[in-house]
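Dear colleague,

I am handing over the structure we spoke about, and below it I set out what I found when going through it. Please read the notes with the coordinates open beside you.

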Amino acid sequence: MTRALFPTQEIGSLAKPRWQILGQRSEPLDAPAKEELRVWDERVGFGKEAPEVRDALLAGRPREANPEAVRDLGALFGLRFLETAGLDRVYDGEARRIEMYEYPIRQMRGFRFGGHVRSFDNKYYLKAAVTDEVRLDHPYHVDEFDFVKQHARAEPKLPVTGPYTLADWSYNEYYLARQPGWKGRAARRAAQHEFVVDLARRALRPTLSALIDRGCKVIQIDEPAAGTHPDEAAIVVDGFNAATEGLDAEFTMHICYSNYADLLPTLLEAKKCRQWAWEFANRDSPGHDGYAVLKVLADYGDTREIGLGAVDVHRDAVETPETVADRIRRAVNYLGDPSRIWVNPDCGLRTRSLPVARAKLEAVVKGAAIARAEFEAPRR
Amino acid sequence: MLVRTGLTGPFPRSEALVGATRDLDRGRTTTEAVEELYAKTEEEVVTLEHRLGFDEATAGYLRWPDLFRPFAETWEGFTVGPLTRWLETNTFYRQPILLAPPGRTPGAIAARLPPPLQHSPTTSRVLLPGPYSFAVMLDNRSGETEPALIHRLGRLLGEEVRELRAQGFPLFLFSEPQLVVRPPEGPRAEAVIAGYRAIQGAIDGGTSVVWTYGADARGAFPLLERLPVSAVGVDLAETEVDQIPEGPSGKGLGLGVVDPHTTLEEDPAEVARVVRAAYARRHPSSVFLGPGAPLDLLPWEPATRKLHVLPAVRRVLSEGRP
């Protein structure tokens with residue numbers, strides 16, 4: 001399929017609307033939640049697809065809308081939010097997910113949650129230990145994808161947490177215990193490799209296979225932990241390859257807030273990865289070209305697509321379409337081939353309010369259109 | 001072999017404290033209730049440290065948001081900056097921003113020490129940032145060069161040590177991951193030595209320990225050996241024991257033998273074997289055993305469980321068993 005230049009895509013989760021959070025708890029919507037539901041329904045038009053759920057929430061009768069139906073409405077909202085912003089590839093804003101670690105791990109056996117770890121200040125996260133061989137209870141995200149496939153008007157792309165990140169965010173107990181002698185650096189590395197590849201083969205691959213069987217054609221493997229230990233890039237790659245081996249889909253790999261050059265050229269061994277979806281805008285500032293790292297990819301002769309992070313998800317200031325277009329121009333300059341570039345936010349927009357997220361997505365779409373007009377004109 | 005044991009960094013918060021501090025942020029509990037729980041949990045940590053036979057107690061430093069915050073909040077010249085990743089972990093600290101040459105506020109850090117330490121200084125261990133890691137992990141907008149800043153921070157930390165030493169604290173452990181993550185060279189290395197010379201000048205018969213972690217320490221040993229401190233520590237989850245340089249050392253050797261990156265409990269016999277191997281390479285004046293990196297990378301329960309290896313290792317070593 002020939003696409004227009006600079007197609008656009010989502011990259012991760014959206015903030016949960018307040019009406020969805022309260023509705024899922026069967027709590028009556030307060031005034032701000034009702035207003036939020038009304039405003040966004042009017043703007044992106046999703047309520048008419050489940051009017052009985054919307055109306056029950058607005059009428060203060062949350063018990064008439066069961067939590068699953070509210071979740072479905074949240075997924076419809078996510079889809080329409082992204083589609084009406086003008087994106088070419090969408091998902092549901094991860095409306096059914098709370099986070100990207102605990103849910104997948106809870107679909108597997110061999111793990112034990114043993115308490116909270118402080119992330120910073122008074123913020124904590126649950127971290128499981130792998131205490132036995134990894135086994136998958138059943139493929140996950142399947143019902144979620146079925147719903148998206150049934151309702152999406154644009155092309156769906158499913159995000160799934162990668163095996164390296166799931167392993168890095170867990171304690172390695174079982175595989176480390178199998179290493180003989182002192183559990184020093186070499187033993188830890190070997191145990192981590194075994195853990196990641198086992199996760200990939202026993203949990204990720206069956207899940208991806210089930211999703212592909214249901215019609216999923218584009219899958220984004222999220223590996224935010226990849227940049228945490230650059231010297232383990234080979235393990236990231238082996239996990240990716242084991243998870244995707246023999247599967248037929250368009251795979252992309254999302255990494256963010258990392259020094260990508262440190263992961264290269266090892267990362268290029270990810271055989272079935274068709275697109276690198278990376279964050280760039282966060283590191284782009286006057287006097288510092290955040291896109292210069294693309295030159296390293298070009299120097300290695302890599303010709304895969306780039307999912308170009310063109311808006312920063314950690315700041316409320318909304319980029320102008322011209323800023324996005326300028327970032328695309330610079331990326332083309334480094335890569336040489338405009339047809340390889342998709343345009344997207346740096347990462348998921350869940351930390352931004354819905355109005356800010358929407359404005360940033362619209363800037364992505366408009367900025368891509370500006371660049372498209374410039375680069376397609378000489379072709380005509 | 002003279003063996004000393006103790007914590008080398010902050011201890012995790014209990015699940016009760018996790019719940020209470022979360023509730024505090026959400027307005028569901030009071031500062032007084034959380035304060036009460038802090039005090040109770042600190043006593044639990046001290047009790048644990050005594051029960052495990054540690055040479056000094058720390059009370060876990062449960063109230064410190066991160067290693068630098070008390071300094072960023074009380075010393076002159078600083079403001080508290082953005083969340084920044086803590087080494088190669090999934091945890092974060094707020095990066096201090098230095099806007100002007102720093103100056104200490106007398107008494108401020110002493111007042112931030114865990115209350116049980118303030119009440120019983122002579123049996124307590126003070127955990128402080130090392131001047132090098134402090135200098136390279138902050139955002140320096142003061143105009144001061146990095147070597148000058150390292151040296152200045154060493155002098156200021158020396159003044160803290162002098163003040164706390166006068167109160168009776170016997171041991172000061174300086175957290176220095178960056179000495180092995182980004183080993184200093186040239187003028188920066190000389191500034192590190194000068195900084196520790198200032199600290200050592202204030203130690204007045206006490207003990208100073210530099211604790212490294214976060215990377216393989218083998219390349220840093222020439223500098224570590226030159227530091228004028230009582231002992232230097234390395235994390236044996238990062239540094240293989242056969243990579244520790246051979247040759248007698250005039251100072252003590254710290255060995256991080258409890259790995260906070262895994263919930264797997266260490267085997268006392270295996271730890272004792274590695275400790276003996278390290279001892280045979282350096283013949284240090286004393287051996288300090290503890291967690292290789294801060295234990296707050298673990299939840300409370302596994303951290304507590306894993307610490308039990310330390311008295312077990314001590315027993316194995318003292319009994320001369322293989």
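In chain B, strands β2(B) and β3(B) pair in the antiparallel sense, with seven bridges between them. Please keep in mind throughout that this is a predicted model. Within that pairing, Val80(B) stands opposite Pro96(B) in β3(B). The two strands form a hairpin with six residues between them, and in its turn Leu87(B) has a positive phi of about 50 degrees, although Leu87(B) is not a glycine. The loop that holds Leu87(B) is the one between β2 (76–85) and β3 of chain B. Leu87(B) counts as partly exposed because it has 17 C-beta neighbours inside 10 Å, where 20 or more would make a residue buried and 12 or fewer would make it exposed.

Strand β3(B) also has a parallel partner, since two bridges join β3(B) to strand β5 (residues 139–140) of chain B. There, Ile97(B) stands opposite Asp139(B) in β5(B).

A second residue of chain B deserves a look for its backbone: His283(B), which is not a glycine, has a positive phi of about 45 degrees. His283(B) lies in the loop between α11 and β10 (287–291) of chain B, and it is partly exposed because 13 other C-beta atoms lie within 10 Å.

Among the helices of chain B, I looked at α9 (residues 186–200), whose 15 residues should span 21 Å at 1.5 Å a residue; the end C-alpha atoms are 21 Å apart, which agrees. The buried residues of α9(B) are Arg188(B), Ala189(B), Ala191(B), Val192(B), Gly195(B), Tyr196(B), Ala198(B) and Ile199(B). An α-helix has 3.6 residues a turn, so residues three or four places apart point the same way. The buried residues of α9(B) pack against α6 (131–137), α7 (146–166), β7 (207–211) and α10 (221–226) of chain B.

Turning to where the chains meet, 33 residues of chain B are in contact with 25 residues of chain A. On the side of chain B that touches chain A, at least two residues each come from α1 (15–25), β3 (92–103), α11 (268–282) and α12 (300–307) of chain B. Of the elements on that side, α1(B) gives the most, with six residues. Sorted by class, the side of chain B that touches chain A has 16 nonpolar, five polar and twelve charged residues.

Chain A, for its part, has 14 helices and eleven strands. With 380 residues, a compact globule would have a radius of gyration near 21 Å, and the 21 Å of chain A agrees with that. The C-alpha trace of chain A spans about 65 × 55 × 45 Å along its principal axes, and 49% of its 380 residues count as buried. Of the contacts in chain A between residues at least 6 apart in sequence, 76% join residues that are at least 24 apart.

The domain assignment divides chain A into domain 1 (18–76) and domain 2 (95–100 + 135–379). The centres of these two domains, taken over C-alpha atoms, are separated by 31 Å, and the contact between them takes seven residues from domain 1 of chain A and six residues from domain 2 of chain A. Helix α4 (residues 67–85) of chain A supplies the largest share of the domain 1 side, five residues. By class, that side of domain 1 has three nonpolar, two polar and two charged residues.

Chain A also holds an open sheet of three strands with mixed pairing, in the order β2-β3-β6. Its edge strands, each pairing on one side only, are β2 (108–120) and β6 (171–172) of chain A. Between β2(A) and strand β3 (residues 123–136) of chain A the pairing is antiparallel over nine bridges, and Arg118(A) stands opposite Tyr124(A) in β3(A).

Lastly, one peptide bond in chain A should be checked by eye: the bond from Leu264(A) to Pro265(A) is cis, with omega near 5 degrees. Pro265(A) has its place in the loop between α11 (260–263) and β9 (273–278) of chain A.

With best wishes

How values were computed:
Residues numbered from 1 in each chain as written. Chains lettered and ligands numbered in written order. Predicted model: local features only at pLDDT ≥ 70, side-chain atom pairs only at ≥ 80, totals over all residues. Contact = placed C-beta atoms within 7 Å. Helix = DSSP H or I, 4+ residues; strand = E, 2+ residues; numbered from the N terminus. Nonpolar A, V, L, I, M, F, W, Y, C, P; charged D, E, K, R; others polar. Expected span 1.5 Å × (residues − 1). Rg over C-alpha atoms; globule rule 2.2 N^0.38 Å. Domains from an automatic or database assignment. Pairing = 2+ DSSP bridges.
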